[in-house]
Amino acid sequence: MDLKELIKFAKCLDNKEKQQLILHLQSETKGTTAPIRVIDEIQEQKHKDGLVCPHCRTQAVVRFGKYDVKTRAGAVKRQRYRCKSCLQTFNDLTNSPLQRTRRPHLWVRFIDLMIEGFSLRKCAELMYDGVSFVTLFYWRHKILAALKQVPTEAFRGIVEMDETYFLYSEKGRRNITERKPRKRGGKARHRGISNDQVCVLVARDRQKMTFSGVLGRGRIRTTKLDEAIGSHLSSSNVLCTDSWRAFSSYANQKGLAHYRFKSDGKQRVKGVYHIQNVNSYHSRLKRWMDRFNGVATKYLEHYLAWFRYLDSKDYENTTSNKKNMLVSSCLVSVKDTNARLRRMTYC
């Protein structure tokens with residue numbers, strides 16, 4: 001089939017099939033060099049202040065041979081190091097999501113599919129390299145476990161803060177004895193806010209700096225607020241919240257200027273003060289989470305970090321955003337293995 005016939009055939013495909021064809025051609029044409037460039041950037045970012053041992057954090061490090069990195073074009077030699085203090089060897093990917101992976105050349109491709117929003121089964125189908133959706137599940141959570149640790153900058157100016165709730169879920173767990181298993185999310189046993197619900201706090205300033213985190217089951221508490229967000233706020237911030245008393249108690253304890261808005265919606269704005277930005281973030285988060293038909297609560301922090309990243313990048317699947325997602329996840333220390341992720345529990 002020549003190029004003209006191929007173009008004619010492509011015109012007969014529907015939009016979904018065209019998207020799959022584009023993704024396949026991109027992986028064939030860009031997959032050779034992209035992973036190597038990303039690893040080069042990870043190396044540069046990690047060692048910009050000098051070589052540091054990831055095991056004991058000392059700088060007594062020397063070069064110690066090389067190892068092979070697999071690419072579509074074949075193996076490429078990469079540097080290995082040895083610490084003279086603890087005598088352990090390491091490389092640029094030690095304690096990162098890419099550590100000990102057998103297919104480092106496929107991770108850029110997988111992040112491309114993650115940002116596009118494909119399910120794990122669809123990702124496995126589009127990878128064209130025999131990677132199972134179970135393997136991709138662990139790849140996903142290794143990346144998200146790292147993104148969760150990326151530090152959030154301090155808030156500036158007006159900070160909108162509000163809580164939202166997700167149904168407590170033990171999705172994936174076998175032999176649940178406390179209740180009957182639910183299907184596709186299901187419903188809570190009790191009306192209103194109870195221990196069947198998991199509280200998620202979202203705080204957001206006008207520069208779109210966002211914090212989101214799980215505070216526990218049931219209603220929000222003042223002590224949990226301080227543990228979660230105390231380090232991000234200062235006396236220069238102005239707090240805008242709903243009328244729940246935990247927010248008032250927290251603002252009084254910290255001496256923060258505080259504007260409250262009742263949930264009846266009679267007064268939504270007081271000059272420049274409102275909570276519409278954080279409520280809009282809640283709406284986008286809930287719509288995005290619907291695609292998963294309920295997520296296990298033990299992984300909820302991971303999904304919050306994933307959405308926080310996508311929202312900050314306006315959901316754009318650009319080369320820059322893909323590279324930034326992988327590089328950022330490799331700059332923090334992550335020691336999660338497949339077994340450790342599987343045995344995670346919600347405390």
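In the next few minutes I will go through the overall make-up of this protein, then one of its sheets, and finally its cysteines.

Please keep in mind throughout that what we are looking at is a predicted model. The protein has 347 residues, of which 44% are buried, and its secondary structure consists of 12 helices and 10 strands. If you take the principal axes as your frame, the C-alpha atoms fill a box of roughly 65 × 60 × 50 Å. The accessible surface is about 19600 Å², and carbon and sulfur atoms account for 47% of that area. As for how the chain contacts itself, if we consider contacts between residues at least 6 apart in sequence, 64% of them join residues that are at least 24 apart.

Let me turn to the sheet. It is an open sheet of five strands, and reading across it the order is E6-E5-E4-E7-E8, with mixed pairing. Strand E6, residues 210–217, and strand E8, residues 257–261, stand at the edges, and each has a single partner strand, so that one side of each is left without a neighbour in the sheet. From one strand to the next, the twist averages 25°.

Within that order, strand E4, which covers residues 158–167, pairs with strand E7, residues 238–242, in the parallel sense, and three bridges connect the two. If you would like a residue pair to find on the screen, take Glu160, whose bridge partner in E7 is Cys240.

There is also a helix to place against these strands. Helix H10, residues 300–312, lies across E4, E6 and strand E5, the last of these being residues 197–205, and the helix runs at about 160° to E6.

That leaves the cysteines, where a bench question comes up: how many disulfides does a search of the whole structure find? The search finds zero. Why, then, is Cys56 not counted as bonded to Cys83? The closest cysteine sulfur to that of Cys56 is the one in Cys83, and at 3.5 Å it is too far away for a bond, because a disulfide here requires the two sulfur atoms to be within 2.5 Å. Cys86 also has its closest cysteine sulfur in Cys83, in this case 3.7 Å away, and that too is too far for a bond. As to their surroundings, Cys56 is partly exposed, with a relative accessible area of 28%, and Cys86, at 28% relative accessibility, likewise counts as partly exposed.

Technical notes. Residues numbered from 1 in each chain as written. Predicted model: local features only at pLDDT ≥ 70, side-chain atom pairs only at ≥ 80, totals over all residues. Heavy atoms only, no water. Buried < 20%, exposed > 50% of the residue type's maximum accessible area, 1.4 Å probe, protein only. Pairing = 2+ DSSP bridges. Helix = DSSP H or I, 4+ residues; strand = E, 2+ residues; numbered from the N terminus. Axes fitted to C-alpha atoms, helices over the stretch in contact; angles between N-to-C directions. Contact = heavy atoms within 4.5 Å. Areas by Shrake-Rupley, 256 points an atom, 1.4 Å probe, with all protein chains shown as cover.
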